[in-house]
Amino acid sequence: MKIHIRYFASIREIVGQSEEMLDVPEGGSVAAVRAELLARYPGLQAIMARCISAVNRKYVDAETMLHDGDELVFIPPMGGGRQREEVR
Amino acid sequence: MEALIQLTREPLKRDELVAAVSHASVGGIVVFEGVVRDNARGKQVRYLEYDVYEEMAEQQIRTIVTEAQQRWGVERVAVAHRFGRLEIGEASVIIVVASPHRSEAFDACRYIIDTLKSTVPIWKKEVATNGEEWVEG
C-alpha cells in the first residue's frame, strides 16, 4: 500500500523534500514507517525522538495501523513562544 | 457567528479581524497580537520563518476555539496566523475575542493563544546574525 508522507520544519530540511509516497507492507504501523525513514535518512535520529505523529490530520500513537492512501506526518515539538515560567 | 480562522502568507489585518467580531451585543473586545522580536536567548534575530501544516493547523485551531467558546460562552472569535518570512515588528498571530463582558474575553483569549502555541502544527525558524535554527521545544 502507498502512504503519503509530508515533511515540515527541520524534518523537511533534513530530508530535502516536502513530501513523498512510500510503499509500506499491508498492516504496517506508524512505528514501522518511522524506522524505515530513520534507515533512509539517518540525520533524522535526533529530531524523530522528539516527534509525535499525525495520520490524516489527527494525532495518533506509534502503534496505529496505516491504510492505503493515509497521510502521515511526523510533528516536531512546537516550541514557539513557550511561556518563560514553563521553561525549566 | 462561526469563528473566523485565517492562515496566510500576507500581513495580518488587525482592523478587519476586530470588525469581524464586532456586534451591538458586545461590551468588550480583547486582542492579542504576537509580534516578531529582535532577540531570543541571547541571539540577535534578523527575521523569522514560519512553517505550517496548513490543513491540520486550521482544524486544530477550530477545535481550540470551539473549546473556548463552550467553556467561556464567548461566541465571537477571530484567529489569524501568518507564515513564511516575517520581519522584526511584524505580527505573526492575532487572536480577537469579543463578548458581552471583559472577563470571559480575557480568559478565552489567553486560553486560545496558550493552547495554540503548544498544540497547533506551526513552527518557527529563528534566523540570527550567528546562524539559524528551528525552535522545536
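In this briefing, helices (H or I, at least four residues) and strands (E, at least two) are DSSP runs, numbered from the N terminus. Please keep in mind that the structure above is a predicted model. The model scores ipTM 0.89 and pTM 0.92. For chain B, the mean pLDDT is 96, with 100% of the residues at 70 or more. Here is a tour by topic, starting with the layout of chain A.

**Chain A: overall layout**
- Chain A is built from 3 helices and 5 strands, and read from the N terminus the elements follow the order β-α-β-α-α-β-β-β.
- Chain A has 88 residues, of which 25% count as buried.
- Among the contacts in chain A with a separation of 6 or more, 54% link residues that are 24 or more positions apart.

**Chain A: the sheet and its helix**
- The 5 strands make an open sheet with mixed pairing, in the order β2-β1-β5-β3-β4.
- At the edges of this sheet stand β2 (19-23) and β4 (58-60) of chain A; each has a single partner strand, so one side of each is left without a neighbour in the sheet.
- From one strand to the next, the twist of the sheet averages 35°.
- Strand β3 (residues 52-55) of chain A and β5(A) run antiparallel and are joined by 4 bridges; in that pairing, A:Ile52 has A:Ile75 of β5(A) as its bridge partner.
- Helix α2 (residues 30-40) of chain A lies across β1 (2-6), β2, β3, β4 and β5 of chain A, and its angle to β5(A) is about 65°.

**Chain A: two residues with positive phi**
- A:Ala9 is not a glycine, yet its phi is positive, near 50°. This residue belongs to helix α1 of chain A.
- Is A:Ala9 buried or exposed? A:Ala9 has 26 other C-beta atoms within 10 Å, and the cut-off for a buried residue is 20 or more, so A:Ala9 counts as buried.
- A:Asn56 also has a positive phi, of about 50°, although it is not a glycine. A:Asn56 sits in the loop between β3 and β4 of chain A.
- The surroundings of A:Asn56 hold 15 other C-beta atoms within 10 Å, so A:Asn56 is partly exposed.

**Where the chains meet**
- The contact between the chains draws 16 residues from chain A and 17 residues from chain B.
- On the side of chain A that touches chain B, α1 (9-15) and β5 (71-75) of chain A each supply at least two residues.
- Sorted by class, that side of chain A has 9 nonpolar, 4 polar and 3 charged residues.
- If you are following individual elements, α1 of chain A, which supplies residues to this contact, is also the helix that holds A:Ala9. Likewise, β5 of chain A supplies residues here and pairs with β3 of chain A in the sheet.

**The nonpolar core**
- What does the largest nonpolar core contain? This core has 57 residues, and those with the most contacts inside it are B:Val77, B:Val79, B:Val96, B:Val97 and B:Ile112.
- Helix α2 (residues 54-72) of chain B gives this core its largest share, 7 residues.
- B:Val97 is a handy residue to look at: apart from neighbours within four places in sequence, its contacts are B:Val30, B:Val74, B:Val77, B:Ala105, B:Ala108 and B:Cys109.
- As general background, nonpolar side chains in soluble globular proteins tend to be buried together.

**Chain B: strand β8 and its partners**
- Strand β8 (residues 122-128) of chain B has 5 of its 7 residues buried, so it is largely enclosed by the rest of the structure.
- Strand β4 (residues 43-52) of chain B pairs with β8(B) in the antiparallel sense over 7 bridges. One of the bridge pairs here matches B:Glu49 with B:Lys125 of β8(B).
- Strand β9 (residues 131-135) of chain B likewise pairs with β8(B) in the antiparallel sense, over 5 bridges. Bridge partners in β9(B) include B:Glu133 for B:Glu126 and B:Glu132 for B:Val127.
- How many residues lie between β8(B) and β9(B) in the hairpin they form? There are 2 residues between these strands.

Conventions
Residues numbered from 1 in each chain as written. Chains lettered and ligands numbered in written order. Predicted model: local features only at pLDDT ≥ 70, side-chain atom pairs only at ≥ 80, totals over all residues. Core = buried A, V, L, I, M, F, W, Y, C linked by C-beta atoms within 7 Å. Buried ≥ 20, exposed ≤ 12 C-beta atoms within 10 Å, placed from the backbone. Contact = placed C-beta atoms within 7 Å. pLDDT = per-residue confidence, 0-100. Nonpolar A, V, L, I, M, F, W, Y, C, P; charged D, E, K, R; others polar. Pairing = 2+ DSSP bridges. Axes fitted to C-alpha atoms, helices over the stretch in contact; angles between N-to-C directions.
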